[in-house]
Amino acid sequence: MALVGSGLRGVPLVAYGWWASLSVALLFIDLAVQRLPARLSHTATVGLLAGLLMDAQVHDGWDSWIRAVLGALVAGGLLAVWALLRPALVGWGDVRFALAIGAATTWVSWLALYTAAFLSSLAAALVGAHWIITRRANLTTPLPQGPFLYAGAISSVLLLFR
């Protein structure tokens, strides 16, 4: 519902609806079993980019589409580095999901990607701190990142789409 009120129209609205619906499924899976299935993550990314590609062809919006592809690569690449450096903190499912997050946010702007990264990191830190303070977790308790990635991305898209 929030996407409808965001100002998105036509094919981009359908593409973002596709991404959002699969992302919601992914975040519930991540909360339940701390896994982000590759098929769903890739399907979300490909569907979003395909929809945005159709819009780019019709409205000559190649700048936004190329930025979305680059954003997917940047977000996925950065999380891949973290997955290699700290595999206990970032899983490869998060890396695959970051491709869709990067594409969804940078189609709006690079600022949306930075905002999403900040908001998702802040939310994860606050929830983690709350769990530690209330003794529901300790510093080694895994915290699923998918819900935070999605919440940061959808928030930044809704806040920054013009």
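Trainee: Is the crossing in which H5 passes H6 left-handed or right-handed?

Mentor: This is a predicted model. Helix H5 covers residues 110-133 and helix H6 covers residues 146-160. H5 passes H6 in a crossing that is right-handed.

Trainee: At what angle do H5 and H6 pack, and how far apart are their axes?

Mentor: Two packed helices are described by the angle between their axes and the distance between the axes. For H5 and H6, the angle is about 135 degrees and the axes are 7 Å apart.

Trainee: Which word describes H5 relative to H6: oblique or roughly antiparallel?

Mentor: Their packing angle is about 135 degrees. Roughly antiparallel needs an angle over 145, and roughly perpendicular runs from 65 to 115. The angle therefore makes H5, relative to H6, oblique.

Trainee: How are H1 and H4 oriented to each other?

Mentor: H1 spans residues 10-33, and helix H4 spans residues 92-106. They pack at about 150 degrees, with axes 11 Å apart. The cut-off is over 145. H1 and H4 are therefore roughly antiparallel.

Trainee: What is the handedness of the crossing of H1 and H4?

Mentor: The packing angle of H1 and H4 is about 150 degrees. Their crossing is left-handed.

Trainee: Which residue in the loop between helix H1 and helix H2 has a positive phi?

Mentor: Most residues other than glycine have a negative phi. The loop in question joins H1 (10-33) to H2 (38-59). A residue there has a phi of about 55 degrees, although it is not a glycine. It is partly exposed, at 34% relative accessible area. The residue is Gln34.

Trainee: Is Arg135 buried or exposed?

Mentor: Arg135 lies in the loop between H5 and H6. It has a positive phi of about 60 degrees and is not a glycine. The cut-off for the top class is over 50%. Arg135 has 76% relative accessibility, so it counts as exposed.

Trainee: Which residues make the nonpolar surface patch of about 380 Å²?

Mentor: One member, Ile66, is found in helix H3, residues 62-85. Ile66 has 45% relative accessibility, so it counts as partly exposed. The patch is made by Trp62, Ile66, Leu70 and Leu73.

Trainee: What separates the C-alpha atoms of Val69 and Leu122?

Mentor: Val69 is found in helix H3. At 26% relative accessibility, Val69 counts as partly exposed. Val69 and Leu122 are 53 residues apart along the chain. Their C-alpha atoms are separated by 25 Å.

How values were computed: Residues numbered from 1 in each chain as written. Predicted model: local features only at pLDDT ≥ 70, side-chain atom pairs only at ≥ 80, totals over all residues. Heavy atoms only, no water. Patch = residues over 30% accessible without salt bridge, like charges linked within 9 Å, V, L, I, M, F, W, Y side chains within 5 Å. Areas by Shrake-Rupley, 256 points an atom, 1.4 Å probe, with all protein chains shown as cover. Salt bridge = Lys/Arg side-chain N within 4 Å of Asp/Glu carboxyl O. Helix = DSSP H or I, 4+ residues; strand = E, 2+ residues; numbered from the N terminus. Buried < 20%, exposed > 50% of the residue type's maximum accessible area, 1.4 Å probe, protein only. Axes fitted to C-alpha atoms, helices over the stretch in contact; angles between N-to-C directions. Parallel < 35°, antiparallel > 145°, perpendicular 65-115°, else oblique. Left-handed = near helix turned anticlockwise from the far one by under 90°.
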